[in-house]
Amino acid sequence: MSLARRGHRTLLARGIRIVVLLGLVFTAATYLGDLDWRLERFCHFRLQYAAGLAGLAPLAWWALGRWWGLATLAAALANVAYLAPYLPPSGAQAHAGLPRLRLLSCNVYVANATPRRVVDLIEREDPDVVVLLEPLQSWEERLRPITSRYPAVAMDLRDDCFGLYAATRLPGFHAELRSAERQGLPVVTLRGRWQGRALTVHAVHAPPPSSAGHLELRNETYRTLARWAREDAGDTVVAGDLNAAPWSPDLGRLLRDSGLRDTRRGRGIFPTWPVGFLPLALPLDYCLLGSGLAAASFRVLEDVGSDHYPILVELGRARGP
Amino acid sequence: MRRPRRDAAGRRAGPLGLLLLALAGCRGTPGARPSGEGAPIPAHPDALRPPPLVVRLPEPERTVLEGGATVLLLEDHTLPLVHLRLLVRAGSVLDPPGQGGLAALTARAVRACGAGYSGPAAVDEALDAMACEVVASSDRDWASLTLDCLAEDFPRGLSHLSEMVHRPFLDVPRFELERSVTVQELRQSLEDPATVAAQLFRRAVYGEHPYGRPARGTPAEVARLTPGDCRAFHRKHWGPSGAVVGVAGHFDRERTLADLRRVFGAAWSAPERPDPVVPPVQELGGGWGAPPYVPPGRPEARVLAVDRPGLSQSTILMGHLGGRHLDEDRLALELANEVLGGGTFTSRLGLRVRSDEGLAYWVASWLEPQVERGVFLAMLQTRRSQTRRALQIAVGEVRRMVLEAPTPEEVARARETRLNAFASAGAPVDRAIERLASLVFHGLPPDQLARERAALASLGVEEVGRAAASRWHPDGLTVVVVGLPDEGLDALGGFGPVERVSDPLEEAGDAETEAGE
């Protein structure tokens, strides 16, 4: 091998070593989120680590040796282990013979310049329950066509990033505005009876973990939601932007403490953020269901001028054991 | 091999030599030598002949954005820095009754309590990492945010400022901290006799008008404010109508204008925001009329006295209602004020009270024009045994300004002082844009400085004397004295009915006690 080729190979090996080390460090950091809020954010990107490390493993084996290759592969598998439960087909199934409930949740984005596209989407999909996050004060007029068709509506339209709007046309339901943490950010709870059983839908936008304070607010929201879900009579649905990936330990605690299930489980990962930038794709928008309910379908809808894609979930009674 | 020592010394000498060369260059800067290069040093300072003053007034570019905000751009590429000031019509004059301090606390919270998706600590960390400073302030007619940063960080700094303006988070724990600090600052400020005198004076001349309330509220009022109050105030009043954005420094014009258009343009238009209106000032105590100042009556003289045992001096504040920014005779009156008490050492008040009588170390008068009618004020502090004497002389000088026109020499000196001040109107550039933004915010054109300079040159003794005679009323002064004279209240007789009023510091303490109970 010529000196020049050997030099290139050394340079390439050095680059691969740096990238592999970064992947290993990031993977290790996913387990340290409880130590510091800055480390918490590493846990959300397991999909990226898994794909990146799996692709790097053969390269690392070739350029750095067997042990590097095996270590890279092991790290990739450690991340895949968290993704596996979401791969199809193993999700809980809705009862086929009973009516379905259609829930649309969309983080409309505080700087959305095209509210008309959101309204058009809702009119076209015609869901039974609508959850909109981040609508501004000025959206009240624009949402009037929706508001006029949905008898139970509650909203806290705000010019910060935490406006909330939730509505349902299910008969006999009522909407209540409340808060799940000390900051007073809004949560809308819709209550009523559906197919002979009590049903509660909590529409929520948990703060993003952009600082220690916000992370604490987000987790406080999770704790309150878990308590509410345990206390709710009948079935519970939590819908909205939870600002965490499904494999986040904090979201795992919410699911464990509340007894709710993620509708993505066994169906797919369905990233919803950020629109137009696949390498960072994360599933942040959810429809969590109590044990009496199951999803019949889960769809990610088209871009409506937001940084999130909307989701549409069809719910039904869960099949019996 | 070891390098010889002289090499190391040589390496150090390089930068040192450059520094010395730079300093030598500074010595030769035009204007640094008053008598020109090589001129002999005169025997007396009076013989110094400075070179002619070169005045370059800043000429900003003005653009009105969709939505109503006005942008002023002032390019200066001397240093790689950018300064931005945003002024919005969200001052304390819009505080609802019983919620004094709401505008000021809102401005403070907008800056300090997080923005967009970021909490307060994250915002502070991001700004600190860029050595970027954002400061909030407010007054009666306006609230403001300023941004100072390196030119390369300006887009990111502007992005943070945009989030604060459009989407303040108002984090509850930080809000409570800021509110608590504000309450403590207000309590502390009441220990200052001058602050107390100013509060009582405004309450006396404005009555129930919002200008009569403390701009930052009282400790009891501020302690009751909630994040919801501030959020509602922000939503209602932090809009583009009447807002001014001034940017100065090293920036690319096209890109900056596009950024400002994105942040403060159409996206900032919200139909539910009403145009803020400052209520008209009602005359108290007989009044002396609205423009064109043909008074139906005169303001009534009165003396408000606050006893504060332990003070060695009396603080005397006196004055009455004044004019607006847009008054036609504002410049003439400013020259009159320069003669009366604007120049501390050379004014009539300074010469009589300070130099001749030795009654006060500092004495001054000034005008505070506002959107609605402002105030005319004079202030001094003197020994409590000399309170009456100092007051007599100060009121006498105001009377003399009304009865005797100022001399041509006095007007010429005042005019020269004002004209010379224009030499610094363009530098430093951050202060220049702040001043220009303030002028435009108050409805004056961006070339107001040039207009003022031309107008000042043409003002004579007659105009200045007429302005003083028609606008100042020595028999209608409201006088506030904090720290009673040694002789007691009787020493204040002859300047109007004397009323002893309670000390705001004690009132704040009583309110705190009631709140505690």
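## A walk through chains A and B

Start by selecting A:Pro274, which sits in the loop of chain A between strand 9 (261–262) and strand 10 (285–289). Keep in mind as you look around that this is a predicted model. Now add A:Trp273 to the selection: the peptide bond joining A:Trp273 to A:Pro274 is cis, with an omega of about -10°.

Stay in chain A and pick A:Glu134 next. You will find A:Glu134 in the loop that links strand 2 (129–133) with helix 6 (139–142). What is the sign of phi at A:Glu134? The phi of A:Glu134 is positive, about 70°, although this residue is not a glycine. As background for these two stops, most residues other than glycine have a negative phi, and most peptide bonds are trans.

**On the surface of chain A**

Switch on the surface and select A:Trp61, A:Trp67, A:Leu70, A:Leu73, A:Leu77 and A:Val80. Together they make a nonpolar surface patch of about 610 Å². Which helix gives the most to the nonpolar patch? Colour helix 4 (residues 66–83) of chain A to see the answer, as helix 4 contributes 5 residues. A:Leu70 is a handy residue to centre on, since A:Leu70 lies in helix 4 of chain A.

**Where the chains meet**

Now show both chains. Here 23 residues of chain A are in contact with 18 residues of chain B. About 1700 Å² is buried between chain A and chain B, and carbon and sulfur atoms give 53% of that area.

For the charged pairs, there are 2 salt bridges between chain A and chain B. Select A:Asp160 and B:Arg231 to view one of them: the closest N and O atoms of this salt bridge are 3.8 Å apart. Across the interface there are also 6 residue pairs in polar contact.

Next, highlight helix 2 (37–40) and helix 8 (212–231) of chain A, each of which supplies at least two residues of the side that touches chain B. Colour that side of chain A by residue type, and its residues divide into 9 nonpolar, 7 polar and 7 charged.

**Last stop, in chain B**

Finish at B:Arg174, found in helix 5 (residues 172–189) of chain B. Which residues does B:Arg174 contact, leaving aside its neighbours within four places in sequence? They are B:Ala112, B:Cys113, B:Pro120, B:Ala121 and B:Asp124. Try a distance label between the C-alpha atoms of B:Arg174 and B:Ala121: they are 9.3 Å apart in space, while the two residues are 53 residues apart in sequence.

Notes. Residues numbered from 1 in each chain as written. Chains lettered and ligands numbered in written order. Predicted model: local features only at pLDDT ≥ 70, side-chain atom pairs only at ≥ 80, totals over all residues. Heavy atoms only, no water. Contact = heavy atoms within 4.5 Å. Buried area = accessible area lost by both parts, 1.4 Å probe. Salt bridge = Lys/Arg side-chain N within 4 Å of Asp/Glu carboxyl O. Polar contact = N/O pair within 3.5 Å; in protein donor to acceptor, adjacent residues only side chain to side chain. Helix = DSSP H or I, 4+ residues; strand = E, 2+ residues; numbered from the N terminus. Nonpolar A, V, L, I, M, F, W, Y, C, P; charged D, E, K, R; others polar. Patch = residues over 30% accessible without salt bridge, like charges linked within 9 Å, V, L, I, M, F, W, Y side chains within 5 Å. Areas by Shrake-Rupley, 256 points an atom, 1.4 Å probe, with all protein chains shown as cover.
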